[in-house]
Amino acid sequence: MNTIYFDNNATTKTDEEVVKAMIPYLSENYGNPSSIYKLGRESRKIIEDSREKVAQILNCEPNEIYFTSGGSESDNTAIKGIAYSYLKKGNHIITSKIEHPAVLETCKQLEKEGFEVTYIGVKENGIIDLDELKEAIKPQTILITIMYANNEIGTLQPIKEIGKIAKDHNIIFHTDAVQAVGNIQIDVKNLNIDSLSLSAHKFYGPKGIGALYVKKGILFNKFINGGHQERNKRAGTENVAGIVGLAKALELSYSNLEEHNNKIEKLRDYYIDQIKERIPYIKINGDMEKRLPGNSNISFRFIEGESLLLNLDLKGICASSGSACTSGSLDPSHVLLAIGLPHEIAHGSLRVSIGKYNTKEEVDYLIESLVEIVSKLREMSPLYEKFIEEENK
Amino acid sequence: MEYSKKVVDHYTNPRNVGKIEKASGIGKVGNPVCGDIMKMFIKVENNIIVDVKFKTFGCGAAIATSSISTEMIKGKTLEEALKLKNTDVVDSLGGLPPVKLHCSVLAEEAIHEAIADYYRKEGKLTEQEIKEKCGLKEHHCESCGI
């Protein structure tokens with residue numbers, strides 16, 4: 001059975017061109033970038049060329065880019081590093097309730113260490129309220145960290161406005177842009193971003209490599225002690241092949257962003273329209289305008305997400321859900337609860353995230369499969385039975 | 001997390017799905033908040049469970065445990081059915097991932113509730129006697145905190 005992959009917000013298939021670009025640095029070009037001889041200098045050069053490519057795309061300086069192991073490390077580094085560095089100025093941090101655990105758990109850790117954190121809510125569409133953000137600001141606020149695009153419901157936050165508010169109050173603004181980079185245009189200067197996390201495997205690059213942008217002049221602590229790599233911020237011999245792959249993937253993403261996005265958006269909208277038409281009692285989560293091109297998140301009432309995923313898996317389809325059973329925790333997704341979904345509707349959510357390799361035939365197969373599976377699961381759902389009985393009264 | 005072949009078989013082709021019109025007893029347990037509800041219908045003749053059907057809202061493990069437990073009590077006397085333990089259900093499924101064990105408790109509870117419902121309708125036993133015989137207890141699920 002073919003694998004039909006609709007989980008591109010979880011990770012993406014590495015582009016073959018990216019793999020091709022990486023291979024020399026996994027084989028003959030094995031030099032340590034810190035070494036002085038030619039083999040080492042070649043590795044150094046490719047890292048710096050890659051850094052320049054990344055900087056160019058984000059519209060910043062190469063020395064404002066630090067390579068990391070991925071999104072979680074970038075978020076941890078930025079938030080803790082900035083918090084510790086500015087502790088003399090204040091101890092208050094503002095974030096949102098719908099952040100990725102890499103941000104939420106880091107903030108919780110800082111709370112244990114004596115920092116104060118305000119978690120602002122989101123409206124029903126998953127977007128923060130700028131007035132609530134302004135009201136949360138205190139004299140001792142040192143950092144605002146709000147994600148660019150949500151990983152579950154795809155919502156895009158008003159980053160430029162948030163950056164402006166932070167700037168006006170002389171507060172540092174970090175954004176977890178892991179879902180956004182490679183999928184939408186990003187200009188850190190224009191968007192007033194001081195610090196940003198990105199991860200290569202979300203845009204057809206390899207896993208285990210990411211980057212952190214920190215604007216020149218903003219202090220943050222060294223995050224791995226040891227050698228002097230990454231301008232003495234992150235010790236450890238660089239992941240040369242990963243860095244090359246990241247830069248190549250980013251370059252490819254932005255070389256035909258519009259074309260890809262048009263195709264992806266069209267498929268996503270077609271999927272949502274068809275589901276709306278063919279399956280009753282659903283709820284579309286998130287905002288339909290301010291949203292990542294490939295993301296969709298739909299709650300199918302009266303059924304539970306894990307059984308939906310298992311049935312899709314039997315048909316070769318990969319997707320994800322915000323149900324408790326699939327989150328590994330006991331509650332359904334904190335994001336779905338934050339947009340006000342009742343538990344039982346959050347349990348029945350399905351995230352389908354479309355990517356550049358998906359075809360209309362695959363989307364049609366997904367739709368047909370869902371129509372069949374949802375009806376089968378509803379037939380065995382006591383919640384559906386009860387609902388229909390009440391409807392018929 | 002990996003499910004056993006038997007679990008996959010049961011959530012792929014669940015046995016005895018549906019409801020019994022004029023059931024002798026109906027047991028409903030679970031809570032939509034924690035994402036699991038099980039409804040068990042039994043038909044009893046001469047103290048024997050001659051038919052059993054279920055409806056479940058829940059994950060793959062919940063569906064599989066419902067399905068296999070209906071097979072395990074069909075044709076059994078009420079006393080035999082009451083002896084069915086969640087560990088028996090788990091064993092016959094070839095095991096469940098630890099986080100899913102509470103689903104098997106739900107199946108046992110649903111059977112006990114359905115039999116208790118039968119005794120209530122029959123009207124021969126007092127509520128206290130039914131509670132004791134069926135080992136009814138308040139549903140307490142540590143996993144969902146209810």
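Q: At what angle do helix 10 and helix 14 of chain A pack?
A: This is a predicted model, in which local features need pLDDT of at least 70, side-chain atom pairs count only at pLDDT 80 or more, and totals for chains, interfaces and linings use all residues. Residues are numbered from 1 along each chain as its sequence is written, while chains are lettered from A and ligands numbered from 1 in the order in which they are written. Helix 10 of chain A (residues 305–314) and helix 14 of chain A (residues 360–379), both DSSP runs of H or I with at least four residues (strands: E, at least two), numbered from the N terminus, have axes 10 Å apart. Between N-to-C directions of axes fitted to C-alpha atoms over the stretch in contact, on a scale from 0 to 180 degrees, their angle is about 135 degrees.

Q: How are helix 10 and helix 14 of chain A oriented to each other, and which residues of helix 14 take part?
A: The two helices are oblique to each other, the class left over after roughly parallel (under 35 degrees), roughly antiparallel (over 145) and roughly perpendicular (65 to 115). On the helix 10 side, A:S307, A:L308, A:N311 and A:L312 make the contact (C-beta atoms, placed from the backbone, within 7 Å). Their partners in helix 14 of chain A are A:S369, A:I373 and A:L377.

Q: What is the orientation of helix 3 and helix 4 of chain A?
A: Helix 3 of chain A (residues 71–85) and helix 4 of chain A (residues 101–112) pack with their axes 9 Å apart, at an angle of about 30 degrees. That angle makes helix 3 of chain A, relative to helix 4 of chain A, roughly parallel.

Q: Is A:I186 buried or exposed?
A: A:I186 is placed in the loop between strand 6 (172–176) and strand 7 (195–199) of chain A. Leaving out residues up to four places away in sequence, A:I186 touches A:L58, A:A177, A:A180, A:V181 and A:L191. Because A:I186 has 22 C-beta neighbours inside 10 Å, and 20 or more count as buried, 12 or fewer as exposed and those in between as partly exposed, with C-beta atoms placed from the backbone, A:I186 is buried.

Q: Which element gives the largest share of the side of chain B that touches chain A?
A: The contact takes 19 residues from chain B and 19 residues from chain A. Elements giving two or more residues on the chain B side are helix 1 (5–12), strand 2 (36–45), strand 3 (48–57) and helix 2 (60–73) of chain B. The largest share, three residues, comes from strand 3 of chain B.

Definitions and conventions. Contact = placed C-beta atoms within 7 Å.
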